[in-house]
Structure formats: structure tokens, C-alpha cells
Amino acid sequence: MPPSSSMALTMLNGLLIEDSSPPTLLHQISKTPQLDTFNYQSCFMQDLFAHFPEVLFIHRTYNPRGKVLYTFLVDGPRVQLEGPLARTVFFAIPTNEDAKGLAQMFQVFKKFNPAWERVCTILVDPHFLLLPTLTMEFPTAEVLLSAFHICKFLQGKFYQLSLEKPVQNVLLSSLQSTMCSATAGNLRKLYTLLSNCIPSTRLPELHSHWLLNDRIWLAHRWRSRAQSNRYFQSLEITAHLLSQFFGTTPFEKQGMASVFRYMQQNHSDKASLNLAVAPKDNHTPSDAILESPSTEQLVEARIQHSLNAICTGPAAQLCLGELAVVQKSMHLIGSGSEKVNIQILEDTHNVQPQAPASCSCYFNQAFHLPCRHILAMLSARHQVLQPDMLQAQWTSGCAASLDSILGSKWSATLDKHLAVTLLTEEVGRLLQHCSKEEFERRYSTLRELADSWIGPYEQVQL
């Protein structure tokens, strides 16, 4: 690898990557915030893949610009790493997500990883369409749908169908239970439940026949219930982190810098590798498992998934930006009889939690979308977005470009109204909590200002 590429990686978005070994490869770092092509693998990642090449898990993350990040992770019975991103062995952003672009990406991966010839199984998501390219580059590997991606696919469909709340809860609970014990009998029960609960006209959308494909589940069934639970939690947070860091910004350099910063701050490579190595005939997990994801992280991951499942692309893009603010901020939440007060280190706003949820902030008033304050409320209550929280034009399936939405929704009058309303509310709060003398002084100042702007006392009531 040319020295200039190594230096470019070291200075990627101002982030110094403190790896005991230099990065193995990096291609086409440009002076702009975007990356046309990007491939990265540290020496530790290369070593990890060389230890466990049998099963390769591929996860895809899209950003607002339409660029896609491919994350390769090792999988299988011998891999005991369960922390978020701990099993990552390769990052890549292809020039284009077509046959040529993916072929180039896979060829780069193979060039730096001779162990690719020992890959037996590749796990992908249901929307991975370029399977011929994958099978051509890995001719001896079996390509299967991953249990995790099937689970996420079905969860998204349950939200999209706008089922009655009790039915939706039963399906989600049954799905979770089945994924943690994917026996042929449990899968058949879930298949029957879907057939009974989902309208026959919508049932084909769920591809429930996947539940009866035993080859898919053999790649997952070896895990115990506890192992399955940890496995799904780890992948849930991995997907959430990649979406948070890469999927919410149109600038690929910034997104990848955030990913690297997280890995630098949360992983101890050598210790992780020692935990991962286990005898081939011993599938018992080590007691020294990495820390499980927090409840808050799981809740935010589910909120993010519900946004992507229910909203149109532009709506999800706007709301994910609001969610990113929630994730990085402290928020104070107080409840009243009918409203919830949310403060995210900024002006206080009133949230009406009853559907359709509303907020006094400009974002919600202008776009009628879940804002950071509504999302903070959902996070605090361990809830997810529901279809009845959105207006019809924002629900999945409605086509609209982000530019047209932004142009049609902006209102100078509304902007002024909300600015004045927020200022008035803040002044009112201050007057309620000051002393009598201070109140008289401030009230007198407001009285004079109102009279000079609008008219005499008889016409103006403060």
C-alpha cells in the first residue's frame, strides 16, 4: 500500500487511528467529504478473518447520498466475540452498487485475504439482489439469508401492516421467541401464526416460506437460547451504530471517522482476539463475554428500525437526523396530565403523546413528522414509532423527493409565528418564578414596549 494512502487514513476527517499495526489497505481518499471508493482492513481484522473464515456475514448500510457501506463480519460456532462491531473484518464502499462495483470490492477483499478460499457460508439480507456476482466471486461458498436479517425484515413488515396493537405484540413476541429457539417445530408454529393473523392478500409480502427452509436455520440453530439472545442483541447494536454513524450523514469521510472512533474507544483488539479463539470441538462460550448492549441502545435501535419500516425514505432521513441529536444529547423529561415536557439542552417544548403525536417545535409544526422531542419521549418510554403517528403522505410507499418536501413545507409565516410563540412562552415562565418586585419591573417594561409597538392600553392586553 502506498504511504500516501496510509497517511490519508491516519488523517481521515482529523481522526488519528491508534492501531498497533498499520491499516492493510485503503483506496481513493479524496479532498472532498465524499468517498467514491473505500476499502479498509486493519492487520487485526485480517488476522481475525484468517482465524475464522468459514462463515462470513455481510451487512449493508445506506447513507442519505445513496452510497452503501458493506461491513463484513465473521460468524459461526467458533467465533465467541459478541460485542458491537467486535467481529468486523472488512469495510468497503463500492463505487456503484452494481455487478462491476461489487466484483471489484470482492476482488480487493480476496487479494488481501488468502483465507477467502476457506469461506463455506455467506450470510446476506433479503434485499441483496446481486447474488450471481457473489457466487461468482466465492464459487465454493453457500449463500444463505441470515436469521438476523430475516428477523429484521419480518419486524419491519409487522409495523408496515398497521395491525391491531394486540396482534402486532403477539407477532413480535412470537418472532423474538422463535429466533432464540429456531427449532423446526417453533418455526412451523410461527409460520401458522402468520397465516392466521396476516390478511391473505398481504401474506406473500412476508415471504413466510423462509421459515420452512431448514437450510437457513441450520446455520443458526446450533446456538442456545442465551447465545441466540446475545447474538441478536450484538447484531442489533452493530446495525444501529453503523446507521447512526454512517447512515445519517451524506459525508462518507465523516461517517467512517465516527465508526473508527467508536472502535478505537471501545475495543481492545488483542484481548478480543484471545476471547475469540476456541478449540474447534468446544462450542461453549467464554465467561468473559464483552459487555452487553444497554437497554437505551436497544430501544434506540428499535426506534430507528421502526422509522425505516414505516416512513418514506425522505421522512426517515429527516427523522433520523432528529434521532441523532437525541442520541448525542442529555434530555430532561417531565410529565403532566395531558402533555409531556421535553428539554434537550435547548428551548423547552410541549409534546402531545396521543396519536397523532405532536410537538410545539418548528420541525414538527412544519413537517408533521416525529421530531427529536417525540423521539426522546419514545426512547424514555421504551416505545417505537407507530403508523398512526404519521400523516398519510409520509407513510412508506408514498413517493416524494426530499427537495420537493422541504420546498413545499417551509413557511415564513409559520417560522415567525413559532419564534414569537417560543419567546412568549419563555417570558411567561420567567415572570411566573420571579419576585413580586421583579415582576412589577419586568411587566412595566413589557407594558411600555407593547404600547409603543401596538397601541395604548385599552387595545392591548398582555
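A search of the whole structure finds 13 salt bridges, a salt bridge being a side-chain nitrogen of Lys or Arg within 4 Å of a carboxyl oxygen of Asp or Glu. The model is predicted: local features need pLDDT of at least 70, side-chain atom pairs count only at pLDDT 80 or more, and totals for chains, interfaces and linings use all residues. Residues are numbered from 1 along each chain as its sequence is written, and side-chain values use heavy atoms, with hydrogens and water left out.

**Salt bridges**

Three of the salt bridges are tabulated below with the separation of their closest N and O atoms.

| Basic residue | Acidic residue | Closest N and O atoms |
|---|---|---|
| R87 | D75 | 3.8 Å |
| K110 | E137 | 2.9 Å |
| R441 | E438 | 2.3 Å |

R87 lies in the loop between strand 4 and strand 5, and D75 lies in strand 4, so this pair ties together parts that are 12 residues apart in sequence. Helices (H or I, at least four residues) and strands (E, at least two) are DSSP runs, numbered from the N terminus. Both R87 and D75 are buried; buried means under 20% relative accessible area, exposed over 50%, and partly exposed in between, with a 1.4 Å probe and protein chains only.

E137 belongs to helix 4 (residues 131–137) and K110 to helix 3, so their salt bridge ties together parts that are 27 residues apart in sequence. E137 and K110 are likewise buried. In contrast to these links between elements, R441 and E438 both lie in helix 18 (residues 436–453), three residues apart, about one turn of the helix. Salt bridges that share partners also join R60, E97 and D125 into one network.

**Helix 3 and the aromatic cluster**

Helix 3 (residues 99–112) has 14 residues and reaches 20 Å from its first C-alpha to its last. This is close to the expected 20 Å, where the expected span is 1.5 Å times one less than the number of residues. Its buried residues are G101, L102, A103, M105, F106, V108, F109 and K110.

Two of these, F106 and F109, belong to a cluster in which ring pairs link F49, F72, F90, F106, F109, W116 and F138. K110 lies over the face of W116, at 4.3 Å from the ring centre, and over the face of F138, at 5.9 Å from the ring centre. A charge sits over a ring if NZ of Lys or CZ of Arg is within 6 Å of the ring centre and within 35 degrees of the ring normal.

**Aromatic pairs**

The structure holds 17 aromatic pairs. Rings of Phe, Tyr and Trp (its six-membered ring) pair if their centres lie within 6.5 Å; planes under 30 degrees apart count as stacked, over 60 as edge-to-face and the rest as tilted. F57 and F148 form a tilted pair, 6.4 Å centre to centre with 55° between the planes. This pair links distant parts of the chain, with F57 in strand 3 (residues 55–62) and F148 in helix 5 (residues 147–160), 91 residues apart. Both F57 and F148 are buried. Y231 and F232 form an edge-to-face pair, 5.7 Å centre to centre with 80° between the planes; Y231 and F232 are both buried.

**Strand 5**

Six of the six residues of strand 5 (residues 88–93) are buried, so this strand is largely enclosed by the rest of the structure. Two strands pair if DSSP finds at least two bridges between them. Strand 2 (residues 38–42) is joined to strand 5 by three bridges and runs antiparallel to it, with N39 opposite A92. Strand 4 (residues 68–75) also pairs with strand 5 in the antiparallel sense, over four bridges; here T71 stands opposite F91.

**Cysteines and backbone angles**

The disulfide count comes to zero, a disulfide being a pair of cysteine sulfur atoms within 2.5 Å. C151 is in no disulfide, and the nearest cysteine sulfur, that of C180, is 8.4 Å away. C151 counts as buried at 7% relative accessibility, whereas C120 is partly exposed with a relative accessible area of 44%.

Most residues other than glycine have a negative phi. S162 has a positive phi, near 50°; S162 lies in the loop between helix 5 and helix 6 (165–180) and is partly exposed at 47% relative accessibility. H207 also has a positive phi, near 50°. H207 is located in the loop between helix 7 (184–197) and helix 8 (214–218), and counts as partly exposed at 32% relative accessibility.
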